[in-house]
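User: I would like to learn how to read burial, cores and strand pairing from a model. Please take one feature at a time.

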Amino acid sequence: MSGPMGALPAIAGGGNETIGWFALRAATARDAGARVPFCVQQQAHALDVGSVARQHLPALSRWPEAVRVDEHGVTLTVAPAARVAFFAQANAWLHAQGLIVGWRDETYPVLALRSGEWLASFERAASRFWGTLTFGAHCNGYVADASGRPTALWLARRALTKPTDPGLLDNLIGGGVPQGQSPADAVLREGWEEAGLRPAQMQALQPGHQLRIERDIPEGLQHELLSVFDLAMPPGLTPYNQDGEVAELRCLPLAQALALAASDAMTVDAGLVTLDFALRHQLLPAPRHAVLEAALAPLRQGLAQLPSNISATHSGTFAFNQTETPGQAG
C-alpha cells in the first residue's frame with residue numbers, strides 16, 4: 001500500500017535546536033504538581049501504582065468505602081479479591097462522566113511500581129486516568145544493503161479512526177501489551193494485524209532497548225515501558241495491513257524517514273523507537289549522534305527481550321484467517 005506521506009517537514013526544534021528530535025522533548029513533558037500519588041493498600045503497606053490528576057479528586061469521593069483521599073494522595077483500600085470488581089464499576093462511571101477517554105475492551109495489569117507485583121487488572125483506557133505503568137512493543141521494519149546497513153524504513157500512517165494520534169506516522173508494527181502477553185508476544189501479534197507478517201516471516205527479529213516514557217497526554221498520564229525491536233525486511237516483501245487501523249504503509253529512503261521521525265509528524269512513541277534504531281545502527285552524523293545518544297540515554301532501561309526461537313514458540317499462538325492477505329513477496 002502506498003500513497004503520499006506528505007511534504008518533508010522541517011525538523012522541529014522549539015527551544016532545543018541542538019537536539020532537534022521532537023519525541024525526546026515530549027517523552028518527559030509533564031506537570032508533576034498536577035497529579036497526586038495513587039496507591040493500593042496491600043496488607044500493612046500502601047504500594048505506589050500510579051497517580052491521579054488533582055482536578056479529578058472530587059470525583060473519587062463517590063467511593064469513600066473504597067478510596068481514601070488525603071494529603072498524601074489517593075489509596076485504594078478494598079480487599080484484594082474486590083479490586084477488579086471495584087475498578088470495573090468505577091471505571092464505567094468515570095468513562096460515562098468523560099473522565100476516562102475511549103474504551104478498548106482490553107485488559108491491562110495494575111502493578112506495584114517498585115516490585116512489579118500484580119495487584120489487579122482493568123480496562124486499558126483507564127490506565128491513563130490512574131497513571132499506572134503500561135507496556136508497549138514497536139518494531140522498526142527496514143531494508144538493508146548487501147552489507148546489512150539499513151537504507152530504507154517502512155513507515156505506517158495511522159488510520160483517522162484511531163482513538164489516539166489519528167493520521168500520524170508510526171513504525172511498521174506497534175501496539176500495547178495486554179495482560180497475559182510479553183512484549184515479544186505483542187509485537188508478533190501486531191506483526192500480523194498491522195503488517196500481515198506471520199511469525200515465520202519475523203524470525204530475524206532483533207531486540208533494541210526498552211524506553212521509559214512519562215508524559216502528560218489529553219487522556220491523563222502516559223507512563224509506559226516501550227520495548228523496541230528491529231526486523232530486516234527482504235526487499236521483495238510488501239507488508240499489508242489486516243485490521244484497518246493503518247491508512248497506508250510505505251517504504252521510504254532512510255534520510256527522508258529519519259527526518260519525518262525527528263518531527264512532530266510521527267507519534268512520540270514511534271519517534272523514540274526510530275531514534276533508538278538510528279543510534280544503534282550508527283545512521284546519523286557523528287556530532288548529532290553524540291548529542292542524541294546522550295539525550296536518549298536517560299530513557300533507556302536495558303534491552304528488550306526475545307524468546308530463543310520465535311517460530312517454535314509462537315507458531316501456534318495466533319489464529320490466522322486464511323482468507324486474509326499476508327505480507328506478499330512482490
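User: Which residues of helix H8 are buried?

Analyst: Bear in mind that this is a predicted model. An α-helix has 3.6 residues a turn, so residues three or four places apart point the same way. In H8, which spans residues 286-296, the buried residues are His289, Leu292 and Leu296. Viewed along the axis of H8, these buried residues fall within an arc of 75 degrees, so they line one face of the helix.

User: Which exposed residues sit on the face of H8 turned away from its buried side?

Analyst: Pro287 and Ala294 are the exposed residues carried by that face.

User: What covers the buried residues of H8?

Analyst: The cover includes two helices, H1 (22-26) and H7 (268-280), and two strands, S11 (206-217) and S15 (300-303). For a single residue, take Leu292: beyond its neighbours within four places in sequence, Leu292 is in contact with Ile19, Trp21, Leu24, Leu275, Leu279 and Leu284.

User: How many residues does the largest nonpolar core have, and which have the most contacts inside it?

Analyst: In soluble globular proteins, nonpolar side chains tend to be buried together. Here the largest nonpolar core has 35 residues, and those with the most contacts inside it are Trp21, Leu24, Leu272, Leu275, Leu292 and Leu296. Two or more residues come from each of H1, strand S8 (150-158), S11, strand S12 (220-232), helix H6 (254-262), H7 and H8. H7 gives the most to this core, with eight residues. There is also a second, separate core of 29 residues, which includes Trp63, Leu94, Ala125 and Trp130.

User: Turning to strands, how many residues of S5 are buried?

Analyst: In a regular strand the side chains alternate between the two faces of the sheet. Strand S5 (residues 107-111) is mostly covered, with four of its five residues buried.

User: How do S5 and S6 run, and how many bridges join them?

Analyst: They run antiparallel, and five bridges join S5 to S6, residues 118-123. One can be followed by residue: Pro109 has Ser121 in S6 as its bridge partner. The two strands form a hairpin with six residues between them, and Gly116 in the turn has a positive phi of about 80 degrees.

User: What is the count of disulfides, and is Cys39 buried or exposed?

Analyst: The count is zero disulfides. Cys39 counts as buried because its relative accessibility is 9%. Cys251, at 31% relative accessibility, counts as partly exposed.

Methods:
Residues are numbered from 1 along each chain as its sequence is written. This is a predicted model: local features need pLDDT of at least 70, side-chain atom pairs count only at pLDDT 80 or more; totals for chains, interfaces and linings use all residues. Side-chain values use heavy atoms; hydrogens and water are left out. Buried means under 20% relative accessible area, exposed over 50%, partly exposed in between (1.4 Å probe, protein chains only). The arc is that of the directions from the helix axis to the C-beta atoms. Contact means heavy atoms within 4.5 Å. A nonpolar core is a set of buried Ala, Val, Leu, Ile, Met, Phe, Trp, Tyr and Cys residues joined through side-chain atoms within 4.5 Å. A disulfide is a pair of cysteine sulfur atoms within 2.5 Å. Two strands pair if DSSP finds at least two bridges between them.
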